[in-house]
Amino acid sequence: MNSIHQYGRFYKQVKPALESKIEEFKIFGYEQVKEKELWDYLTKKKWKKPKEEIQMYEIIADILSAKIGDVMNFTTVEAFKLGDFALDDEEERKELLK
């Protein structure tokens, strides 16, 4: 999960902030968002161009300021890229439209 991105070296240290953000999402009814999805959003979208001299407080601020809409949009686009949805399946269409 944290091996490729430059900020992966901070993963263990910022894990409590990730967990806190996931708990916040759950409070607002977004229980399906997992820590890996949040980390993927941050590393692939928010931190697409990493800073050389990033400080840990900046990483934590980015984690805590992540918006559920941005994370969900990113996750949906990634799912389509991976071909996780087959629109010819009635059940998957219903799930997508929820």
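At what angle do helix α1 and helix α3 pack, and how far apart are their axes? In this predicted model, helix α1, covering residues 11–27, packs against helix α3, covering residues 56–64, at an angle of about 15°. The axes of the two helices are 9 Å apart. Helices α1 and α3 are therefore roughly parallel to each other, since angles under 35 degrees count as such. The crossing in which α1 passes α3 is right-handed. On the α1 side, the residues that take part are Gln13, Val14, Ala17, Leu18, Ser20 and Lys21, and they meet Met56, Ile59, Ile60, Ile63 and Leu64 of α3. Sorted by class, the residues of this contact comprise eight nonpolar, two polar and one charged.

With that pair in view, it helps to step back to the whole chain. The protein contains five helices and zero strands, so that, read from the N terminus, its elements run α-α-α-α-α. Of the 98 residues in the protein, 31% are buried. Among contacts with a separation of 6 or more, 64% join residues that are 24 or more positions apart.

A second partner of α1 is helix α2, which spans residues 35–46. Helices α1 and α2 pack with their axes 10 Å apart and at an angle of about 110°. That angle makes α1 roughly perpendicular to α2, as the range for this description is 65 to 115 degrees. The crossing of α1 and α2 is right-handed. Helix α1 contributes Tyr11, Val14, Lys15, Leu18, Glu19, Lys21, Ile22 and Phe25 to the contact, while α2 contributes Glu35, Leu38, Trp39 and Leu42. The classes here are eight nonpolar, no polar and four charged residues.

Helix α2 also meets helix α4. The axes of α2 and α4 come within 10 Å and cross at roughly 85°, which makes α2 roughly perpendicular to α4. From α2, the contact involves Glu37, Leu38, Asp40, Tyr41, Lys44 and Lys45; from α4, it involves Asp70, Val71, Phe74, Thr75 and Glu78. By class, there are four nonpolar, one polar and six charged residues in the contact of α2 with α4.

Which residues of α2 are buried, then? They are Glu35, Leu38, Trp39, Asp40, Tyr41, Leu42 and Thr43. The cover over these buried residues includes α1, α3 and α4, the last of which runs over 68–82.

Two neighbours in α2 can be looked at individually. Tyr41, a residue of helix α2, has a relative accessible area of 7% and is therefore buried, the limit being under 20%. Leaving aside neighbours within four places in sequence, Tyr41 is in contact with Lys46, Ala66, Asp70, Val71 and Phe74. One of these partners, Val71, is 30 residues away from Tyr41 along the chain, yet their C-alpha atoms are separated by 6.0 Å. Asp40 likewise lies in helix α2 and counts as buried because its relative accessibility is 15%. Beyond residues up to four places away in sequence, Asp40 touches Lys45 and Phe74.

The largest nonpolar core has 21 residues. Those with the most contacts inside this core are Leu18, Leu38, Leu42, Ile59 and Ile63. Helices α1, α2, α3 and α4 are the elements that give two or more residues to the core, and α1 gives the most, with six residues. For Leu38, the residues touched are Leu18, Lys21, Ile22, Phe25, Ala66 and Val71, not counting residues up to four places away in sequence.

Phe25 also appears among the partners of a residue in helix α4, namely Ile68. Ile68 is buried, given its relative accessible area of 19%. Apart from neighbours within four places in sequence, Ile68 is in contact with Phe25, Tyr30 and Val33. In sequence, Ile68 and Phe25 are 43 residues apart; in space, the distance from C-alpha to C-alpha is 6.9 Å.

Key:
Residues are numbered from 1 along each chain as its sequence is written. This is a predicted model: local features need pLDDT of at least 70, side-chain atom pairs count only at pLDDT 80 or more; totals for chains, interfaces and linings use all residues. Side-chain values use heavy atoms; hydrogens and water are left out. Axes are lines fitted to C-alpha atoms, for helices over the stretch in contact, and angles run from 0 to 180 degrees between N-to-C directions. Helices (H or I, at least four residues) and strands (E, at least two) are DSSP runs, numbered from the N terminus. Angles under 35 degrees count as roughly parallel, over 145 as roughly antiparallel, 65 to 115 as roughly perpendicular and the rest as oblique. A crossing is left-handed if the near helix is turned anticlockwise from the far one by less than a right angle, and right-handed if clockwise. Contact means heavy atoms within 4.5 Å. Ala, Val, Leu, Ile, Met, Phe, Trp, Tyr, Cys and Pro count as nonpolar, Asp, Glu, Lys and Arg as charged, and the others, Gly among them, as polar. Buried means under 20% relative accessible area, exposed over 50%, partly exposed in between (1.4 Å probe, protein chains only). A nonpolar core is a set of buried Ala, Val, Leu, Ile, Met, Phe, Trp, Tyr and Cys residues joined through side-chain atoms within 4.5 Å.
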